[in-house]
Amino acid sequence: MNVGVLTGGGDCPGLNAVIRAIVYKGIKNYKYNIYGIYEGWKGLLEGGPIVPLAIDDVVNILDEGGTILKTSRTNPFTHTSGIDKIKKTIERYKLDAIIAIGGEDTLGVAAKLHQEGIKIVGVPKTIDNDVSGTDRTFGFDTAVSCATDAIDRVRSTAEAHNRVVIVEVMGREAGWIALTSGIAGGANMILVPEYPVDIEDVVKQIIVRHTHGEQFSVIVVAEGAKLKRKRADSKLVMLDQGKDEFGHVRLGGIANQLSAIIYEKTGFECRTVILGHIQRGGTPTAFDRVLSTRYGIHAIDLIRRKQYGKMTALRGTKIIGTPLVDAMKTVKTIDKDFYAIAEVFFG
Ligand code: F6P
């Protein structure tokens, strides 16, 4: 049995731990040949590189960030004859099955390829934690711990200078990182895409806090957060770098926009921290190393049991296989109850 493994979309801590687990169990327990497909769907589309992976190749990668297989945001469905090219590569390398490790874009492609007759299973990754069908994606815990550390650090300097510090974290359509790290870091306000706020309310709460309580504030904002009332300057802030192959605009910089509005309306000194790719790099937390390892083991077990068209998922404390098509129907967003917990501490 020849199994190809690829990592697609934005990287995240834990990818290497998944690859390691697949290689170990695939070779040791099932005597499979495991092949690494480079740069996600691009590797299959362009016919390689695709190289055999041995235990020696993965023995020391458990704690390494990034991915030894590299990654790309290539969408084969936007390329002419993309599916035929993928099928040809699979045939040429005699791959019997594929394990795709990725977020909603990569797994969305996996679901469609399965419908095209390709034997495929998925593993959900992303620091954003927005893949449906699973309680957790790996990488999220590491990003939250990085963001919480950043919030803790800016709080002391914000307090020392009586400033408003706005920390911008990733989260395009879902504010999981902002909300979780904001709660953990005791943020005074958290702005997420799911629950647009009125900028006037944000300003009001900060004024009240600075007049009758503390003279500093820490605001956490997800890069995809939206403001309720339309102002000329309240659009999402986008980097002028076009769209990726899945049609996503590149976000970044909403903290600067908020900072300008808050300063204009309150006169309070503001500073911004855009965490950016710092939260996506580096070594995975112990939680993510274990979750990634469990996902990798379960993925190769799904192949063994011929459970194609499924992805690994965490439900409570158990790892299960769930249909990819179901998981791809919606983005997993924050529920109101969780947001309400954070709201208690706003202002
Ligand atoms: O992978 C998800 C993500 O981290 C999003 O939170 C973010 O908007 C995006 O990737 C950034 O992508 P890139 O690394 O391509 O700029």
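In this predicted model, a polar atom in the side chain of His-277 is placed 2.8 Å from an oxygen atom of the ligand. Two arginine side chains also have polar atoms beside ligand oxygen, Arg-280 at 2.9 Å and Arg-172 at 3.3 Å. The three distances are set out below.

| Side chain | Ligand atom | Distance |
|---|---|---|
| His-277 | oxygen | 2.8 Å |
| Arg-280 | oxygen | 2.9 Å |
| Arg-172 | oxygen | 3.3 Å |

Considered on its own, the ligand has 400 Å² of exposed area, of which the protein buries 80%. The space that the ligand takes up is the largest pocket.

His-277, Arg-280 and Arg-172 belong to a shell around the ligand that also includes Gly-10, Arg-73, Ile-127, Asp-128, Met-170, Gly-171 and Glu-223. Sorted by class, this shell is made up of five charged, three polar and two nonpolar residues.

Where does the ligand lie with respect to domain 1 and domain 2? Residues from both domains contribute to the shell, and the ligand therefore lies between them. The domain assignment of the protein chain places 2-139 together with 284-329 in domain 1, whereas domain 2 covers 140-281. Between the C-alpha centres of domain 1 and domain 2 the separation is 32 Å, and the contact between these domains draws 25 residues from domain 1 and 19 residues from domain 2.

Technical notes: Residues numbered from 1 in each chain as written. Predicted model: local features only at pLDDT ≥ 70, side-chain atom pairs only at ≥ 80, totals over all residues. Heavy atoms only, no water. Near = heavy atom within 4 Å. Polar contact = N/O pair within 3.5 Å; in protein donor to acceptor, adjacent residues only side chain to side chain. Areas by Shrake-Rupley, 256 points an atom, 1.4 Å probe, with all protein chains shown as cover. 1 Å grid on protein atoms, 1.4 Å probe; cavity = no way out; pocket = protein on both sides within 12 Å on 5 of 7 lines; lining within 4 Å. Sits in = over half its atoms within 2 Å of the grid points. Nonpolar A, V, L, I, M, F, W, Y, C, P; charged D, E, K, R; others polar. Domains from an automatic or database assignment. Contact = heavy atoms within 4.5 Å.
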